[in-house]
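Got the model open in your viewer? Here is a short tour, stop by stop, with something to select at each one.

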Amino acid sequence: MAQYWLKTCLETHYSLCQVQGSLSLPTRVLDVGLLESPFVNLYISNGRHGQWLTLSHCWGETQPATTTKANLNNHSTKIIISTLPQTFRDAILITRKLGYQFLWIDSLCIVQDSLIDWQEESVKMNTIYSNAVLNISADAAADSFQGIFFSSNRKIDGSDTASSTPEARSHPNSHNDHLQERGWVLAEAVLSRRRLRYTSSGLAWSCAQVPLLCEETRPHLIHDLVEQEAYIHSVYQIPYESLPPRYVHEPETGGRRWEIIDWWYGRVSEYINRKLTFQHDKFPAFSGIAKTYSNRTGYRYKAGILVEDFRRGLLWQTCGRPVDIEVAPSWSWAVVGHGGITFPRIYEWIYAHQTYVADPNEVELIDICVTNLHDDPFGQVISGSLILQGLCHGLNELLKTTEFYFSFGWVSHEDCRDRNYRPLSGGYTLSQGALKLYMDTKDESNSTLWRREDIHILRIGMFSSEPMSGSIEYRQPPVEATSFLLLQEIPGIEASYRRIGIARILGPNVEGPDWKMKTVTIL
């Protein structure tokens, strides 16, 4: 089945799935040798051209086989296959049976105890996956010892897969396969043009032109091609064409551009719901996606934010997830911790910031300065500052005259409520002119927020969005709302703030003459 799918894609699919020209091999690859050979070796490519496969796998609690400075020479000579964990053995067998010589596995092809080698090779992973013939994805294996074949023939809870329905089998991610929980694997999935997935429901195929999983029970779906004009589901559908800054949705002429921007915020929200072993990997693990998207759209990338769409990019929300300001500047979505696959998207997007509205008072970007490790703009962030100029107001004074709510789940203490506070009772609907507060952290300080004088609200801009309401039959027309950042003064640093949340208010012209134009630095 795998050979049939691969052959069909190579011979009949369009350019979205195809790698152009002869390409240099990664620095190191496994030479898998002949089918019956008990050995493989780590091949140093030295710029040689060739084709290779990649493996996506969970490391798990037990460290897999690795290449280190001590065993690099031995691995270059010979690796006894029987000493490798089962997932690696299975991937070697798959590579051999598909007729390919080279396989890239991260733990073996990067020297794991060399920081220099890791830094040099990790930045190449976007091209390693994007230029590979095929990605072998061990979705169901919790670690490298469970094996590809064994783990994909059983459900995660250990029960027999034969009882699963066709409907359930059409969505392997819904089975909570281990690999789909990992942060690094999102980039591997996004950048791989073809994926052979061993899921808890069996074997499945997806590629740039067959995004809906093609499975053993429905192998013919390999022929159901999605045309390039359809909805954006692959990064390779995004053309090398500069997007206009501050893009405004124009359904008649620019729907595809809107889908390209929607694709970005969807991937960010998906990434936040995945796990990382080390939080300092937050930017490196996303760098391949960010770099590919930036190269194709011309949008500049700074600590997770697209500069040309910075207003919308700043309006993420935590939805109850933890926050770690050691990882990134407070204005970057990268401070948001893992919340699990059931948490809402950090960008409401459709229901809050779908398209810009002409707004003479929207905030302006004065400067954005980010220092990255090794000067890699897509890599680990050391520090960052954002300088904005816009209308600003003390929050405590504003709330004295404005009805306000906390986002659903953020409830103020009964004995601390201000006379203008209103509990949000079911649903998301706000009255015209009422302010809804989305706090980054849920703590005791929220209960007295409106009494504090060090909190300010900065106007970002107006957006038109679909109201978050019931079924499509009762869908209401788009509504306009103004969005804001909530900022807290940083003691001892003049005109400097850290972000503590966002806010929205329905309707235009919500600012009065007491709102002042200010230049603020957000760290």
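Start by selecting Glu397 and Lys400: the two form a salt bridge, with their closest N and O atoms 3.0 Å apart. Bear in mind as you go that this is a predicted model. Glu397 counts as partly exposed because its relative accessibility is 41%, and Lys400, with a relative accessible area of 42%, is partly exposed too.

**More charged pairs**

Side chains of opposite charge can pair when their charged atoms come close. How many salt bridges does a search of the whole structure find? The search finds 16.

Next, pick Lys124 and Glu121, whose side chains meet in a salt bridge at 3.1 Å, N to O. Buried or exposed, what is Glu121? Glu121 is buried, because its relative accessible area is 3%, whereas Lys124 is partly exposed at 34% relative accessibility.

Then jump to Arg452 and Asp454, another salt bridge, where the closest N and O atoms are 3.5 Å apart. Both ends are partly exposed: Arg452 has a relative accessible area of 22%, and Asp454 has 23%. While you're on salt bridges, select Arg267, Glu270 and Arg274 together; salt bridges that share partners join these residues into one network.

**The largest pocket**

Now for some open space. The largest pocket has a volume of about 1,200 Å³. To find its centre, select Trp59, Trp184, Thr277, Phe278 and Asp281, which lie nearest to that point among the 40 lining residues.

Which elements each supply at least two residues of the lining? Colour strand E3 (52-56) and helices H5 (115-122), H6 (125-130) and H9 (183-191) to see them. By class, the pocket lining has 16 nonpolar, 16 polar and eight charged residues.

Stay on H9 for a moment. This helix is mostly covered, with eight of its nine residues buried. Those buried residues are Gly183, Val185, Leu186, Ala187, Glu188, Ala189, Val190 and Leu191.

**The closed-off spaces**

Turn on a cavity display if your viewer has one. Searching the whole structure turns up two cavities of 30 Å³ or more, and the largest cavity holds about 50 Å³ of space. To frame the largest cavity, select Tyr271, Ile272, Arg274, Leu276, Gln279, Lys282, Gly337 and His338, which line it. Sorted by class, that lining has three nonpolar, three polar and two charged residues. You've already met Arg274, by the way: it is part of the network with Arg267 and Glu270.

**An enclosed helix**

Select residues 287-297, which make up helix H11. Nine of the 11 residues there are buried, so H11 is largely enclosed by the rest of the structure. The buried ones are Ser287, Gly288, Ile289, Ala290, Thr292, Tyr293, Ser294, Arg296 and Thr297. Step off the end of H11 and you land on Gly298, which has a positive phi, near 80°.

**Two backbone oddities**

Most residues other than glycine have a negative phi, and most peptide bonds are trans. With that in mind, go to Asn46, which is not a glycine and yet has a positive phi of about 50°. Asn46 is in the loop between strand E2 (39-44) and E3, and it counts as exposed because its relative accessibility is 71%.

For another case, go to Ala303: again not a glycine, and again with a positive phi of about 50°. Ala303 is in the loop between strand E10 (301-302) and strand E11 (305-306). Buried or exposed, what is Ala303? Ala303 is buried, because its relative accessibility is 1%.

**A long-range neighbour and a surface patch**

Select Pro322 in the loop between helix H12 (310-313) and strand E12 (355-356). At 49% relative accessibility, Pro322 counts as partly exposed. Add Lys442 and draw a distance between the C-alpha atoms: the two residues are 120 apart in sequence and 9.0 Å apart in space.

For the last stop, switch to a surface view and pick Leu35, Leu93 and Phe149. Together they form a nonpolar patch on the surface, with about 220 Å² of accessible area. Leu93 belongs to helix H3 (residues 86-97) and is partly exposed, at 31% relative accessibility.

Conventions: Residues numbered from 1 in each chain as written. Predicted model: local features only at pLDDT ≥ 70, side-chain atom pairs only at ≥ 80, totals over all residues. Heavy atoms only, no water. Patch = residues over 30% accessible without salt bridge, like charges linked within 9 Å, V, L, I, M, F, W, Y side chains within 5 Å. Areas by Shrake-Rupley, 256 points an atom, 1.4 Å probe, with all protein chains shown as cover. Salt bridge = Lys/Arg side-chain N within 4 Å of Asp/Glu carboxyl O. Helix = DSSP H or I, 4+ residues; strand = E, 2+ residues; numbered from the N terminus. Buried < 20%, exposed > 50% of the residue type's maximum accessible area, 1.4 Å probe, protein only. 1 Å grid on protein atoms, 1.4 Å probe; cavity = no way out; pocket = protein on both sides within 12 Å on 5 of 7 lines; lining within 4 Å. Points joined across faces, edges and corners; volume = space filled by probe spheres on them. Nonpolar A, V, L, I, M, F, W, Y, C, P; charged D, E, K, R; others polar.
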